[in-house]
Amino acid sequence: MSTNLHFNPNPLPLDQVDLLKKFLAEITSQVDWAGIRYVQEITHWRGTRDEKPDINSLSIEKGVCIEVLLGGQFAYGTTSDLSPAGLLRAFQKARDMAVAIGRHGVFSFTKSHRPTVTGRFSSHHNEPLDQTSLAEVTDFLMGANKRLRVSEKIVNSQALAMIVDCEIRLLSTNGTDVEQKFLLMGQHYSATAQDGGEAQTRTLNGSLNRCYQAGPEVFDKDRIFVECERVGREAVELLTAEECPSDIRDLLIDPDQMTLQIHESVGHPLELDRILGDERNYAGWSFVKPGDFGKLQYGSKQMSISFDPTVTGEYASYAFDDSGNQATREYLIKDGLLERGLGGVDSQKRLKLPGVANFRSSSWNRAPIDRMANINLEPGHAPLAEMIANTKKGIYMQSNRSWSIDDYRNKFQFGCEYARLIEDGKLTKIIKNPNYRGATVQFWNSLKALGPASEVQTFGSPNCGKGEPSQVIRVGHSAPPCLFSNVQIFGGGK
Amino acid sequence: MSTPKTNPFCETANGHFSQLCEDFFSLLKEGEDATCNLQSEQQDYLRFNGSKVRQSTFVQQHDLQIQFQSRNRRLDVNAQLSGHRDEDLLLLKQLLARAREEVQVLPEDPYLVPMSNSGESHRDHVGRPPEARELVDYLAECTRDTEFTGLYATGPMVRGNRNSRGQKHWFSSDSFFLDYSLYTLNSERENKAVKACYSSNQWQQSEFLQDLNEAKLQLKMLQKKSKVLAPGIYRAFLTPSALDELVQMLSWGALSLGSYKRGQCALAKLYEGKEQLSSKVHLSENFDLGMGPQFTPLGELTPMQLPLIQGGKLTTLLSNLRSAKEYGTESNGADLGENPRSLELKPGTLTRAETLKKLETGVYLSNLHYANWSDLQNARITGMTRYACFWVDKGEIVAPIKDMRFDESLFRLLGAHLEELTAESRIIPSTGTYQIRQLGGKKLPGLLASEFRFTL
């Protein structure tokens with residue numbers, strides 16, 4: 001059989017699990033509680049540029065994070081050395097740090113913050129990795145390059161696939177045993193057109209934004225190739241497009257840009273560790289105060305947003321977070337009113353506020369922190385065509401290319417790849433370099449219409465960065481097209 | 001005090017890497033080549049919030065990256081090593097078998113750079129940084145009442161490179177950084193903060209306390225009522241830290257030959273002579289700073305000094321062997337992403353004593369935050385002011401400002417609106433810790449600009 005995408009030379013063997021359990025039994029008398037999180041992640045990056053191979057890589061990450069609770073303090077020891085001596089060294093470092101932290105910890109934690117749980121999770125997928133050949137994937141990506149290259153003006157066409165096969169096992173001294181297996185697919189397609197001094201890039205829904213829990217069925221030629229041709233055409237169209245005007249008008253945002261809008265101006269400010277100030281030296285604080293929950297009208301009545309790691313196929317779905325907290329769907333904002341923050345058990349106890357199961361780490365070599373998972377905006381009832389028809393002076397923006405927001409998550413500025421003016425209820429001119437800016441609460445309160453369930457689209461990203469030491473995490477977001485009134489828009493230029 | 005010796009972790013990692021490479025290269029058949037790159041660290045990461053410890057993480061990791069070449073094809077394989085020879089060699093044998101399978105089905109790579117022997121280099125930056133547990137009590141006590149928040153990262157880091165043609169490079173560093181901020185409330189109960197970073201290879205109490213006390217002084221100045229600026233154009237002074245946030249954007253393809261050829265280079269107009277910066281701008285890669293390895297993952301040695309912008313003209317783009325082959329040019333030893341690793345902006349003549357006087361009336365920007373291109377082709381960057389930024393009137397600091405969004409082109413800021421660069425430069429070490437603690441850094445002066453554009 002030809003070389004396929006399956007590669008897992010050393011899956012976690014049962015005897016290794018037994019060794020980890022034995023290790024926990026040996027150290028249990030030295031601590032108040034301890035847990036081990038084993039992570040193995042096998043990642044393929046397959047990329048082609050202009051129908052030539054560009055990236056072919058295969059990586060194996062494997063290691064453990066030992067979490068120790070002693071005298072009210074958690075500390076973490078991580079290592080890629082899984083021998084008894086390696087585990088012992090990591091454990092001793094964590095135990096000694098827990099002692100050193102002593103009275104200087106931010107909170108006094110107890111065993112009750114790590115209850116016993118058992119369970120399993122596995123990503124849904126239609127096709128297994130061992131049924132797809134590497135040659136097929138390479139051919140597919142080169143085929144995408146070809147479709148992206150619709151004109152001689154395309155100076156760069158890229159197609160990229162990221163395939164992740166991940167296994168996490170969570171064990172603890174009080175009997176926790178959780179096994180979660182993830183199969184994750186990410187895709188990126190882009191075309192850059194250039195003519196003279198003008199260069200414009202168009203992607204399929206933003207940079208590496210097509211990320212899902214799925215199998216190789218996502219490499220769907222019929223669908224992706226057609227979309228790649230559109231991306232190539234639109235890159236060329238942008239070369240002769242008009243510059244975005246600078247004024248205030250209604251802004252219709254495509255779902256592929258709404259994911260970024262939700263992520264930056266709803267997801268991050270609602271993270272409880274940001275509200276607690278843990279992040280204020282790096283990613284930043286939050287304008288949201290603990291007293292705002294249940295009181296702050298975050299957006300218009302039409303805005304309802306949930307934390308939902310239970311959605312089949314969305315990129316950041318799981319059954320348990322890294323503290324063993326069982327994942328459930330929760331409203332963060334309902335009818336525009338702020339209800340709940342994004343914080344795991346540790347932050348919930350520190351703030352005395354409810355939260356969600358989102359205490360997550362990027363891998364074995366980082367301690368968990370409060371992260372987004374799937375943060376989804378609920379649909380409304382106004383079809384896209386109707387929103388356009390009802391807009392006298394507006395603009396319709398698609399696909400993120402630039403993002404920036406302040407450290408309290410208030411003043412933002414986002415740029416998109418492609419836009420069309422809306423004039424007297426009709427889509428008219430193509431617009432290049434479209435940007436918009438605003439302030440979070442004011443902006444979300446200007447939300448006046450949302451597309452129906454049939455127009456909701458879901459995307460994901462592997463690259464949400466945060467934390468000291470820093471880590472990236474996978475997130476998923478879904479949204480319909482959304483219409484906001486009176487937004488400041490502007491274009492490019494020196 | 002005795003001279004520090006090489007950290008035992010670095011020595012063990014070097015021995016293991018050498019042996020493993022030797023074992024691995026001996027498995028290669030005729031027509032096969034491989035380059036191995038090692039990134040290892042043994043780090044204590046200690047995170048504070050409000051002078052209390054939020055989290056501590058010990059990390060020991062060895063990340064091996066191998067480029068395998070055969071039949072004009074290549075596969076890059078990465079693996080995390082245990083540090084045990086037999087176990088790691090078994091894994092490498094499995095990866096080699098997989099690599100041999102893959103090159104049978106992968107297409108030929110027209111830009112493949114055949115491996116060669118670029119020689120040998122070895123550099124150990126020894127140090128004696130304190131372990132995290134030694135500092136918990138001290139930092140908690142001496143920062144009391146300042147809401148001290150930040151990250152202490154300490155321990156050895158290594159980078160190794162070997163290939164099957166006999167090339168051998170090694171770099172190690174044993175150092176720490178304490179990247180922190182202090183907080184206060186101003187007269188209107190708004191949060192105000194000041195940022196500092198102390199880094200070295202040996203902890204000197206007096207040096208740290210000097211930095212801390214300077215930060216505390218700034219904190220007092222932040223307690224005044226904030227001035228609210230209207231969007232518009234202002235005179236501005238950017239400290240080296242503020243300028244760093246903008247210069248960092250040059251790592252997003254702005255100095256890359258490949259990006260230029262593919263229409264994604266923010267400084268394309270500068271390279272083509274359609275724009276020009278001030279003649280005061282001289283930007284180089286300078287590996288004499290000693291902040292990271294001079295060698296690249298392909299084993300090339302970048303020149304110790306590589307001028308990029310001279311007298312305001314972008315004369316050289318960073319290129320690696322792969323780009324050079326694709327575009328028919330010469331490589332100048334850039335890394336795989338053709339990003340700068342050790343930038344230095346030549347200082348000017350503005351003295352610290354003259355800074356506020358010359359600024360006269362405008363904004364003093366200590367830090368900027370969350371920069372991103374708002375118009376790539378015009379090198380326009382948007383971002384926010386952050387931390388200790390002040391309104392200066394008639395050469396005197398009058399009040400802190402409320403944070404503002406800026407949107408400004410490098411062509412303007414480093415061009416017609418650049419008035420002066422400071423005579424004093426600062427070394428700004430990388431404090432990046434994604435996946436593994438990063439090496440490298442920059443040396444930058446401060447910058448006085450006649451115009452800086454705020455938009456929100």
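**Exercise 1. Work out what is special about Asp335(A) in the hairpin of β12(A) and β13(A).**

*Solution.* Start with the turn itself: the hairpin has two residues between its strands. Asp335(A) sits in this hairpin and takes a positive phi near 50 degrees. Keep in mind that you're looking at a predicted model. Next, check the strands on either side. β12(A) and β13(A) run antiparallel and are joined by two bridges. To see one partnership up close, find Ile333(A): its bridge partner in β13(A) is Leu338(A).

**Exercise 2. Place that hairpin in its sheet, and find which strands are at the edges.**

*Solution.* Step one is the strand order. Reading across, you get β13-β12-β11-β16-β23-β22 of chain A, an open sheet of six strands with mixed pairing.

Step two is the edges. β13 (337-338) and β22 (457-466) of chain A each pair on one side only, so they are the edge strands.

Step three is to see where "mixed" comes from. As a reminder, strands of a sheet pair through backbone hydrogen bonds, either parallel or antiparallel. Here's an antiparallel case: β11(A) pairs with strand β12 (residues 330-334) of chain A over three bridges. Within that pair, Phe307(A) stands opposite Glu330(A). Now for a parallel case: strand β16 (residues 374-377) and strand β23 (residues 471-479) of chain A pair over three bridges. There, Asn376(A) faces Ser478(A) in β23(A).

Step four is to look for a helix on the sheet. Helix α5 (residues 255-267) of chain A packs there, touching β11 (305-307), β16, β22 and β23 of chain A. The direction of the helix makes about 125 degrees with that of β23(A).

**Exercise 3. Decide whether Glu51(A) is buried, exposed or partly exposed.**

*Solution.* First, find the residue: Glu51(A) is in the loop between β1 (33-49) and β2 (52-70) of chain A. Then recall the cut-offs: 20 or more C-beta neighbours within 10 Å means buried, and 12 or fewer means exposed. Glu51(A) has 16 C-beta neighbours inside 10 Å, so it counts as partly exposed.

Who does it touch? Skip the neighbours within four places in sequence, and Glu51(A) is in contact with Met142(A), Asn145(A) and Lys146(A). For the chain as a whole, 60% of the 494 residues of chain A count as buried.

**Exercise 4. Describe how chain A is divided and how its two parts meet.**

*Solution.* Chain A splits into domain 1 (14-239) and domain 2 (242-490). Their C-alpha centres lie 22 Å apart. The contact takes 43 residues from domain 1 of chain A and 33 residues from domain 2 of chain A. On the domain 1 side, you'll find 20 nonpolar, 15 polar and eight charged residues.

Now ask about the overall form of chain A. It has nine helices and 24 strands. Its radius of gyration is 24 Å, close to the 23 Å from the globule rule for 494 residues, so chain A is as compact as a globular protein of that length.

**Exercise 5. Find out which part of chain B gives the largest share of its contact with chain A.**

*Solution.* Begin with the totals: 77 residues of chain B are in contact with 74 residues of chain A. On the chain B side, the largest share is 11 residues, from strand β2 (residues 52-70) of chain B. That side divides into 25 nonpolar, 32 polar and 20 charged residues.

Finally, look for strand pairing across the chains. Four bridges join strand β3 (residues 73-79) of chain A to β2(B), and the two run parallel. One spot to check is Thr78(A), whose bridge partner in β2(B) is Val59(B).

Conventions:
Residues are numbered from 1 along each chain as its sequence is written. Chains are lettered from A and ligands numbered from 1 in the order in which they are written. This is a predicted model: local features need pLDDT of at least 70, side-chain atom pairs count only at pLDDT 80 or more; totals for chains, interfaces and linings use all residues. Domain bounds come from an automatic or database domain assignment. Two residues are in contact if their C-beta atoms, placed from the backbone, lie within 7 Å. Ala, Val, Leu, Ile, Met, Phe, Trp, Tyr, Cys and Pro count as nonpolar, Asp, Glu, Lys and Arg as charged, and the others, Gly among them, as polar. Axes are lines fitted to C-alpha atoms, for helices over the stretch in contact, and angles run from 0 to 180 degrees between N-to-C directions. The radius of gyration is taken over C-alpha atoms; the globule rule is 2.2 Å times the number of residues to the power 0.38.
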